[in-house]
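Reader: I would like to learn how to read this structure one feature at a time. Please give the general idea before each case.

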Amino acid sequence: MPGENEKFYLVREDFLPDGMKKTIEAKKLLERKKVDSIHEATKTVGLSRSVFYKYRDAVFPFQHMVKEQMLTLFFHLEDQTGALSHLLSMVASAGCNILTIHQTIPIQGKANVTLSLNTSGMTKEIDDLIHQLKQVSYVNQVEILSSGVS
């Protein structure tokens, strides 16, 4: 892991060079024991071992950097019967423990909801959950407000 004086940046995946993306893929294969060696992992994702070694200690999926397993999400929802209940059900079914809920009064058919979550029991990747939530018809916006220690 990085030293104390190193800076971190949160970068959207489509801005990462292919070598970094493939390094993350190779690391996932190794962590999940889908391959037996670094050689096999790099070959599977189409990456040279030298590029893998260059990036392996420098790139991490977002969820690996969340130290306290805390996440705050913001939602902009359409005011529909059962919308909040369904949203909470989706988050809970992903293994998140809902710590706090804040909902504004709907104005012009829209409401803002902020959820603070403990993600230590998550059964899926954070980015997969966010993608799933964005697909819901009444969800107009999903943003990560904070992660780690609040």
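Author: Start with how elements are named: helices and strands are DSSP runs, numbered from the N terminus. With that naming, Tyr-9 sits in the segment before helix H1 (18–31). One caution applies throughout: this is a predicted model.

Reader: How many helices and strands does the chain have, and what pattern do they follow along the sequence?

Author: The secondary structure consists of five helices and four strands. Along the sequence, the pattern reads α-α-α-β-α-β-β-α-β.

Reader: How do I read whether a residue is buried or exposed?

Author: Use the relative accessible area: under 20% is buried, over 50% is exposed, and partly exposed lies in between. Of the 150 residues in the chain, 31% count as buried. The chain as a whole exposes about 9800 Å², with carbon and sulfur atoms supplying 49% of that area.

Reader: Is Thr-42 buried or exposed?

Author: Thr-42 counts as buried because its relative accessibility is 2%. Thr-42 belongs to helix H2 (residues 38–45). Setting aside neighbours within four places in sequence, Thr-42 is in contact with Leu-47, Ser-48, Arg-49 and Phe-52.

Reader: How do I read contacts between parts of the chain that are distant in sequence?

Author: Contact means heavy atoms within 4.5 Å. Among the contacts in the chain with a separation of 6 or more, 68% are accounted for by residues 24 or more positions apart. Cys-96 makes a useful case; it is found in the loop between helix H4 (83–93) and strand E2 (97–103).

Reader: What does Cys-96 touch?

Author: Not counting residues up to four places away in sequence, Cys-96 touches Val-91, Leu-117, Asn-118, Thr-119, Met-122 and Leu-129. The C-alpha atoms of Cys-96 and Gly-121 are separated by 6.0 Å, and these two residues are 25 residues apart along the chain. With a relative accessible area of 7%, Cys-96 is buried.

Reader: How do I read a salt bridge, and how many are there?

Author: Look for a side-chain nitrogen of Lys or Arg within 4 Å of a carboxyl oxygen of Asp or Glu. By this rule the count is three salt bridges. One of them joins the side chains of Arg-12 and Asp-14, at 2.6 Å from N to O. Arg-12 counts as exposed at 55% relative accessibility, and Asp-14 is exposed with a relative accessible area of 51%.

Reader: Which residue forms a salt bridge with Glu-125?

Author: Glu-125 pairs with Arg-32, and their closest N and O atoms are 3.0 Å apart. This pair links distant parts of the chain: Glu-125 is in the loop between E3 and H5, while Arg-32 is in the loop between H1 and H2, 93 residues apart. Arg-32 counts as partly exposed, at 48% relative accessibility.

Reader: Which residue does Arg-56 form a salt bridge with?

Author: Arg-56 forms a salt bridge with Asp-57, with the closest N and O atoms 3.8 Å apart. Arg-56 is partly exposed, with a relative accessible area of 31%, whereas Asp-57 counts as exposed at 55%.

Reader: How do I read a surface patch?

Author: Patches are made of residues with over 30% relative accessible area and no salt bridge. Tyr-9, Val-11 and Phe-15 make a nonpolar surface patch of about 390 Å². Tyr-9 is exposed, with a relative accessible area of 65%, so Tyr-9 passes the cut-off for a patch.

Reader: Which residues gather in a patch of negative charge?

Author: Glu-13, Glu-25, Asp-127 and Asp-128 gather in that patch on the surface. Asp-128 lies in helix H5 (residues 126–134) and counts as partly exposed, at 44% relative accessibility.

Reader: How do I read the sign of phi?

Author: Most residues other than glycine have a negative phi. Lys-33 has a positive phi of about 55 degrees although it is not a glycine. Lys-33 is placed in the loop between H1 and H2 and counts as exposed at 70% relative accessibility.

Reader: What is the phi of Gln-108, and where is that residue?

Author: Gln-108, which is not a glycine, has a positive phi of about 55 degrees. Gln-108 is found in the loop between E2 and strand E3 (110–118). At 78% relative accessibility, Gln-108 counts as exposed. The C-alpha atoms of Gln-108 and Asp-79 are separated by 8.7 Å, with their positions 29 residues apart along the chain.

Conventions: Residues numbered from 1 in each chain as written. Predicted model: local features only at pLDDT ≥ 70, side-chain atom pairs only at ≥ 80, totals over all residues. Heavy atoms only, no water. Patch = residues over 30% accessible without salt bridge, like charges linked within 9 Å, V, L, I, M, F, W, Y side chains within 5 Å. Areas by Shrake-Rupley, 256 points an atom, 1.4 Å probe, with all protein chains shown as cover. Lys, Arg positive; Asp, Glu negative; His and termini not counted. Charge placed at Lys NZ, Arg CZ, Asp CG, Glu CD. Helix = DSSP H or I, 4+ residues; strand = E, 2+ residues; numbered from the N terminus. Buried < 20%, exposed > 50% of the residue type's maximum accessible area, 1.4 Å probe, protein only.
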